[in-house]
Structures are given as C-alpha cells and as structure tokens.
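Reader: I'm more at home at the bench than in front of a model. Could you walk me through how to read this one?

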Amino acid sequence: MSIFTQTKLLPSPKHHVHTICHSPLLRTTVHCSVSTTAKPKPVPEKLIIEPPRLQQLEPSPDNIRPMLNDPSLLSTWSHRAWVASGCTTVLISLAKSVAGAAHSHIWAEPILAGLVGYVLADLGSGVYHWGIDNYGGASTPIFGAQIEAFQGHHKWPWTITKRQFANNLHALARVITFTVLPLDLAFDDPILHGFVAVCSGCIMFSQQFHAWAHGTKSRLPPLVLALQDSGLLISRSQHSAHHRQPYNNNYCIVSGVWNEFLDKQKVFEALEMILFFKQGLRPRSWSEPSSEWIEEAETISQLANN
Amino acid sequence: MASLSLPKHTFTSLLPTQTPRHYYPSSQIVSKSSNSQFYGLKLSNSTSLPIPSSSSGKNIICGKVDKGKVPPNFNLKDQDGKSVSLSKFKGKPVVVYFYPADETPGCTKQACAFRDSYEKFKKAGAQVVGISGDDSASHKAFAKKYKLPFTLLSDEGNKVRKEWGVPSDLFGTLPGRQTYVLDKNGVVQLIYNNQFQPEKHIDETLKLLQSL
C-alpha cells in the first residue's frame, strides 16, 4: 500500500532542469510557513502535461533540494484521475453501507464498524510507515520508490505542504482503487462496507492529514485546526516529534490515537528486535541517521519568497 | 512499569506440565518458569525447578541459577580476547548482566547506564560484567564506542545463558535481559529481569548492593 509517495520529483526525468541548486543554504531553525494544498487548485495554464521521454540517469536524491515551484509538486490529470477513482470506490462502499443500513434498519453496527475502520486505519498507517522508514531502499521491489521518497521527506519535510492535492494523494488513491473496487463488486453487507469505506477513506486521505500536520497554525483552515486540536486528526506537534532524531516514534498519521500506546509499550522496538534476531535485519533507526535523512533547513526568507 | 516480586507458588503454576525442557539455541528458548514480563520481574523468592533430562545429550540443563545459589563457574573471553572466569570475582560483589546483543538500542542504553553509574558500583565495591552471544571483536567495538569501563564477555553459542537458565522473551524470539547480583561469596542475592526498561537494572542492582 503506497501511503507516502513523497518527493518523487527527484528521480523523474522532467525535473532535470531544476535539479541543480546552487543557492547557498543558511542552516537555521525553520518553521514551516508555506501554504497548504487543502483543495485542488485548477490552474490550467500551469498544467504540465508530461510528454513521453527517454529515461535519463538522474542525480541521486540526496544531492538535490526540491525547488518550491517544482513542476513535480503539481497535480497532473493522471493524478486527478486516480484520486477520482479512489474516491469513487470509497463513495460506492459508503453508499452501499448507507443503503444497506437503511434497508435493514440497522445503524449502530455500520457506524461502529466505521469507527473501528477509523481506528485501525491509524494503526495501519503507523505499521506501514514504520516498515517503510526502517527497512529496504530504493532498489527494494514494489516499495523502492516510496522508500526513496520517504528519505526525501525526512530531509525536506516541508515539501509535502507545497504539493497539490491530487499530486499528494494519487499513489494512495491508486492502491485504494485496486483494493476497494473488488470489495464493492463482491459484497453488499452494510457493516462490512461501513468498515471498508471509513478505513479506506482514512488511508487514502492520510497523506492530506500528513500534509496538514506539516502546516502552520496561521495557514490551516479553522476546521482542520479544530480536528487536529481535538485529536481526530494527527496533530502538528505529535507529528513533528516523529521528525526529530532518531525518527523512531509517532509513526501513525491518521489520528495518531495509537502513537502513545505503541511508543510507550515499545511495540515497534519489540518488532525491530524480533526482526533483528530472526532475520538479521537492522532497522535504520538503530543507527545514526545518514545525511539523506537529516532535515535540511532553509532560511525563513527563502520559504517566505515562495 | 513497576517491577514485580512474585511469591513462590507462582512458579509452579507457570510450569508447563508434562513438557520436557529441551534447550535449543537461545532464540528459541521458551521458559515458562520465570517468564519475563518486559517491565520488571524481580526474582527474590524463586524455587529451583526440576527439569527432566532430554535424550538429545548436550542440551541437558540440570538446574537454573536461583537466588541463594552459587552459579556454575564459567570461562569466557572478554573484549580483548582474554579468558575470564567467574571465580576471579570472588571476594567482591559482582553484577553479572545478560543482554541480547551489542549495538541494539536497549543494550546500548543499559551499558551506558552502567557506565554512568559505574562510580557508584565501585563505591559499593562491586564489579560489573556484561554477557551476550556476540564475539570479542563486537564487544571491543561496542565498549570502545560507548567508552564502557567494565568487562564484556563473549558467551559463544549462549552456553552460559542456557546454563544459568536466563529466560527468553516474546515466545522465545528474544534473548532475555536478566541481571544477577552475586555477593562476595559468589551467592546470588538478586535476579532482575526487564527487557524493555534496561535502565531499571542499574537502579535495582544498586539498591541491593547498597544494602549488602
């Protein structure tokens, strides 16, 4: 399941003209002050339609700082199509749940199932995030691109706030489409669909919740702030704890409701120890973070100019 | 989480019935008798457990180390490759702590905590010895990196761990983290087990040493 496709701008051929950045960076404390991408921004004149290109060798991600107006942060029609298809499958599931509940006159069970879906989506986001953050690399089959993107996200966490909506969500939306569509076709049970609709919806939108968690109070919509403050969505403070070395806690990014329990009970540490002793796999968080992981700060003025 | 002191009878109730105790490499040891609870199990009133002998020969364990007993002697290589035996420490209290592996987060925290309180151990007249299945080279690098002032011993094949009956965690997947405090006569006065709160081993052992 691809939740966190982040700075994929770096290996993509269309960005090669933007990849060399020579502007000096002053390493100071930075507070994210960039605008959020809460809504899709249809700006047709700026749309990049990607022509077919030959594959080119790309500089490795760690050498390239993403420019804030990089086209790779914009949504393409492909991105929008995937988000639309993902939303459609989720809405169909939701509709089936509501229709089934109305028909059978049962409301409590589908609603409860939805609640379970919301809670488990948070847990799922944490487990997946922990796995992607700690194991594998760019050459890992299936997950390689995401693992590489994660690296970029930890180095430039503010980039996510500059991504347009569909650009941010399309990878997850694709997975949700393939997962939920068969369920929509095969099942009609309103309780099952209550769970599926909420769980898959939360997973698909987790990347948006993640982006909001990187936003600033002054730039987030009041409703989002309220949801964050109430604990219904992952809060900015909780997620920023994940972005501090050694990057080994607060992995959940839907509501964050599982974070305290998982961290206090050392669940991920236990899993890491088991994988180490059974498979010889050493998680990334056990070692000093490499330069690819350590956050690169920019001056506030550079951010303000964008 | 608080450490637990369990009464005697708890161990017999935790014993698997009719199950021969076959000891395998430490990662597969399942010991029900003193199953560590992650958050602290202080064995201060344990009974010794009769274990039926296995027909597999070399894996027979005759009895684990309990409070009030003198543990079997061992002869292991330290981080410099020198042989060190337990009997060398007689005449002074010694803290023998078994830990899963070098360069893992919990073990690093534990080693650094022993290091940071090493003066207190010295003041109490005690030695500190860490034991894991890693080889001398690994111990040497570990000790050097974290400037550990005490001895680390290489228990190859986890033979001593098995002999002493150190229980595993998580259904045998993790080598247990268990610390023994031996008095100057070599008798075990405290056994403390806590996998995921390694710093507590220092507090508990110092508390006992200060009362010896």
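Author: Happily! Let's begin with exposure: a residue is called buried under 20% relative accessible area, exposed over 50%, and partly exposed in between. Keep in mind that this is a predicted model. Take R115(B): its relative accessibility is 27%, so R115(B) counts as partly exposed.

Reader: Does R115(B) have a partner, and which residue does its side chain meet in a salt bridge?

Author: The partner is D116(B), and the N to O distance is 2.9 Å. D116(B) has 56% relative accessibility, so D116(B) counts as exposed.

Reader: How many salt bridges does the structure hold over all chains?

Author: Over all chains there are eight. One of them joins D80(B) to K140(B), with the closest N and O atoms 3.1 Å apart. D80(B) sits in the loop between strand 3 (75-78) and strand 4 (83-85) of chain B, and K140(B) in helix 4 (residues 136-146) of chain B, so this pair ties together parts that are 60 residues apart in sequence.

Reader: And are those two buried or exposed, or in between?

Author: In between, in both cases. D80(B) is at 49% relative accessibility, so it counts as partly exposed. K140(B), at 45%, is partly exposed as well.

Reader: What about the salt bridge between K122(B) and E119(B): how are these residues placed in chain B?

Author: Their side chains meet at 3.6 Å, N to O. Both belong to helix 3 (residues 118-123) of chain B, and because they are three residues apart there, about one helical turn separates them. As for exposure, K122(B) is partly exposed at 47% relative accessibility, while E119(B) is exposed with a relative accessible area of 55%.

Reader: Let's step back to whole chains. How many helices and strands are there in chain A?

Author: Chain A has ten helices and zero strands. Chain B, by contrast, has six helices and nine strands.

Reader: How much of each chain counts as buried?

Author: In chain A, 48% of the 306 residues count as buried. In chain B, the figure is 54% of 212 residues. For the surface, chain A has an accessible area of about 14600 Å², with 65% belonging to carbon and sulfur atoms. Chain B exposes about 9500 Å², and carbon and sulfur atoms supply 53% of that.

Reader: How do I read contacts between residues that are far apart in sequence?

Author: Ask what share of the contacts joins distant parts of the chain. Among contacts in chain A between residues at least 6 apart in sequence, 80% join residues at least 24 apart; the corresponding share in chain B is 68%. For a single case, look at R80(A) and A166(A): they are 86 residues apart in sequence, yet their C-alpha atoms are 5.3 Å apart in space. R80(A) is found in helix 1 (residues 77-104) of chain A, and at 22% relative accessibility it counts as partly exposed.

Reader: Last topic: how is the size of an interface given?

Author: Often as the accessible area lost when the parts come together. Here, chain B and chain A bury about 1300 Å² between them, 66% of it on carbon and sulfur atoms. On the side of chain B that touches chain A, the residues divide into eight nonpolar, six polar and three charged.

Reader: How many residues of each chain are in contact, and how many salt bridges are there between chain B and chain A?

Author: In contact are 17 residues of chain B and twelve residues of chain A. Between the chains the count is zero salt bridges, and two residue pairs are in polar contact across the interface.

Technical notes:
Residues numbered from 1 in each chain as written. Chains lettered and ligands numbered in written order. Predicted model: local features only at pLDDT ≥ 70, side-chain atom pairs only at ≥ 80, totals over all residues. Heavy atoms only, no water. Contact = heavy atoms within 4.5 Å. Buried area = accessible area lost by both parts, 1.4 Å probe. Salt bridge = Lys/Arg side-chain N within 4 Å of Asp/Glu carboxyl O. Polar contact = N/O pair within 3.5 Å; in protein donor to acceptor, adjacent residues only side chain to side chain. Nonpolar A, V, L, I, M, F, W, Y, C, P; charged D, E, K, R; others polar. Helix = DSSP H or I, 4+ residues; strand = E, 2+ residues; numbered from the N terminus. Buried < 20%, exposed > 50% of the residue type's maximum accessible area, 1.4 Å probe, protein only. Areas by Shrake-Rupley, 256 points an atom, 1.4 Å probe, with all protein chains shown as cover.
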